[in-house]
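Trainee: Could you take me through one part of this chain in detail, and then show me how the rest fits around it? I would like a single connected account.

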Amino acid sequence: MEKILKLGIPKGSLQNATINLFKRSGWKINIEGRSYFPDINDDTIECALCRAQEMSINVESGVIDAGLTGLDWIAEHESDVHVVADLIYSKVSARPARWVIAVANDSSIKTLEDLAGKTISTELVKFTKRFFRDRNIDVNVKFSWGATEAKIVSGLADAIVEITETESTIRAHNLRVIHEVMETNTQLIANKTAWENPAKREKIEQIAMLLQAALVADKLVGIKMNVPENKIARIVSLLPSLNAPTIATLYQSDWFSVESIIDTGLVRDLIPKLLKEGAEGIIEYSLNKVL
Ligand SMILES: Nc1ncnc2c1ncn2[C@@H]1O[C@H](COP(=O)(O)OP(=O)(O)OP(=O)(O)O)[C@@H](O)[C@H]1O
Ligand SMILES: O=P(O)(O)OC[C@H]1O[C@H](OP(=O)(O)OP(=O)(O)O)[C@H](O)[C@@H]1O
Ligand SMILES: [Mg+2]
């Protein structure tokens with residue numbers, strides 16, 4: 001039985017974020033020159049670069065065993081694949097992105113119904129047609145090869161269905177969002193036959209577990225400090241923690257070492273409070289994986 005896992009890495013928007021995530025998870029993917037088959041430091045995996053738009057088609061057909069792509073393109077093709085893991089990251093952030101309907105800021109279009117009879121430009125044609133058909137709104141959906149926001153400005157479309165992450169492209173073209181049609185994030189998907197192959201399944205599960213562990217670790221930091229005995233109760237009460245904080249005694253002293261794992265976003269407010277309440281020698285460190 002075939003044991004080598006053929007793994008699709010998304011070429012394009014998700015490529016750098018995905019390769020960085022694999023690096024933090026323990027796999028080095030090396031894209032050199034013009035080859036679409038990058039090296040990976042794991043003899044049981046063969047990597048292939050594949051456009052996010054067609055990843056789920058290739059996974060469904062078995063050309064590749066597993067791959068990463070956006071939920072949007074899986075939905076577009078209605079692909080029959082096994083979804084192994086939801087991985088919440090996009091091109092520039094660790095958040096989902098959104099597909100929205102947008103119109104010109106000065107357009108009279110305000111609701112979905114106002115779009116009846118109008119022209120909508122999008123890369124996500126089948127999804128958009130289904131979306132409006134389900135709502136009995138008759139629209140003219142035109143395929144866009146990209147730079148879709150420009151099509152409203154140049155008068156080629158009345159509205160667009162387009163992905164946005166930071167909204168900078170929407171703002172740059174003076175557009176207004178009237179509706180969100182889908183939230184999308186990266187997913188690890190597997191071919192259904194490959195998923196039944198024990199060796200391949202074990203490898204896919206290993207990848208899912210470690211990618212998720214690295215994503216969780218991105219949102220957390222470790223914090224460690226020394227605290228005198230008479231301040232320990234107050235300091236511990238200030239610390240949010242995955243579980244309870246770890247407390248150890250310092251050698252031949254009445255001081256304690258206190259260690260905790262906390263949300264990255266809390267650190268900047270917490271450190272001044274800890275110092276004020278008597279903690280000393282505070283160190284903060286980043287984490288590679290949290291399981
Ligand atoms: N900020 C983002 N912009 C565009 N796509 C994003 C973003 N974040 C995540 N994605 C995901 O990336 C995938 C599309 O990536 P892909 O590179 O194939 O298309 P693209 O960005 O339009 O490429 P290009 O424009 O370079 O041809 C989708 O699944 C989409 O959800
Ligand atoms: O909300 P933002 O952070 O601005 O990101 C969203 C933009 O990024 C993508 O463009 P891409 O670079 O893929 O260009 P394209 O339109 O030519 O495909 C997407 O199609 C949006 O235009
Ligand atoms: Mg694009």
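Trainee: Which residues of helix 1 are buried, and what covers them?

Mentor: Happy to. Keep in mind as we go that this is a predicted model. Helix 1 runs over residues 15-25, and its buried residues are Gln-15, Ala-17, Thr-18, Ile-19, Leu-21, Phe-22 and Ser-25. An α-helix has 3.6 residues a turn, so residues three or four places apart point the same way. With that spacing in mind, look along the series Gln-15, Ile-19, Phe-22 and Ser-25, which are among the buried residues of the helix. Ala-17 and Leu-21 are buried in helix 1 too.

The cover over these residues includes four strands and a helix from further along the chain. The strands are strand 1 (5-11), strand 2 (29-30), strand 4 (45-51) and strand 5 (66-70). The helix is helix 8, residues 198-218.

Let us pick out one residue here. Ile-19 lies in helix 1, and it counts as buried because its relative accessibility is 16%, where the cut-off for buried is under 20%. Beyond its neighbours within four places in sequence, Ile-19 is in contact with Ile-9, Ile-29 and Ile-31. Ile-9 falls within the range of strand 1, and Ile-29 within that of strand 2, both of which are among the cover of the helix. For a sense of distance, the C-alpha atoms of Ile-19 and Glu-165 are separated by 19 Å, and the two residues are 146 apart along the chain.

Now the two ends of the helix. Leading into it is Leu-14, in the loop between strand 1 and helix 1. Leu-14 is buried, as its relative accessible area is 14%. Not counting residues up to four places away in sequence, Leu-14 touches Thr-69, Gly-70, Tyr-89, Ser-90, Lys-91 and Thr-186. Thr-69 and Gly-70 lie within the range of strand 5, which also helps to cover the helix. Leu-68 is in that range as well; its C-alpha lies 8.8 Å from that of Leu-14, with their positions 54 residues apart in sequence. On the far side, just after helix 1, Gly-26 takes a positive phi of about 115°.

That backbone angle leads to two other loops. Most residues other than glycine have a negative phi, and most peptide bonds are trans. Asn-136 has a positive phi, near 55°, without being a glycine. Asn-136 sits in the loop between helix 4 (125-134) and strand 9 (140-143), and it counts as exposed because its relative accessibility is 74%. Glu-167, again not a glycine, has a positive phi near 70°. The loop that holds Glu-167 joins strand 10 (159-164) and helix 6 (168-172). Glu-167 is partly exposed, given a relative accessible area of 26%.

Helix 4 also holds Val-125, which is buried because its relative accessible area is 16%. Leaving out residues up to four places away in sequence, Val-125 touches Glu-76, Val-141, Lys-142 and Phe-143. Val-125 and Val-59 are 66 residues apart in sequence, and their C-alpha atoms are 21 Å apart.

To place all this in the whole chain, turn to the domains. The assignment gives domain 1 as 5-94 + 186-217, domain 2 as 97-183 and domain 3 as 219-286. Helix 1, at residues 15-25, falls in domain 1, while Val-125 and the two loops above fall in the range of domain 2. The centres of domain 1 and domain 3 are separated by 38 Å, taken over C-alpha atoms.

In domain 3, Gly-281 makes a good stop: this glycine is in strand 16, residues 280-286. Gly-281 counts as exposed, since its relative accessibility is 55%. Apart from residues up to four places away in sequence, it touches Lys-224, Met-225 and Asn-226. Lys-224 is 57 residues from Gly-281 in sequence, and 8.0 Å separate the two C-alpha atoms.

Stepping back, the chain has ten helices and 16 strands. Its radius of gyration is 24 Å, where a compact globule of 291 residues would have one near 19 Å. The C-alpha atoms fill a box of roughly 80 × 60 × 35 Å along the principal axes. Of the 291 residues, 46% count as buried. Among contacts between residues at least 6 apart in sequence, 69% join residues at least 24 apart.

How values were computed
Residues numbered from 1 in each chain as written. Chains lettered and ligands numbered in written order. Predicted model: local features only at pLDDT ≥ 70, side-chain atom pairs only at ≥ 80, totals over all residues. Heavy atoms only, no water. Rg over C-alpha atoms; globule rule 2.2 N^0.38 Å. Buried < 20%, exposed > 50% of the residue type's maximum accessible area, 1.4 Å probe, protein only. Contact = heavy atoms within 4.5 Å. Domains from an automatic or database assignment.
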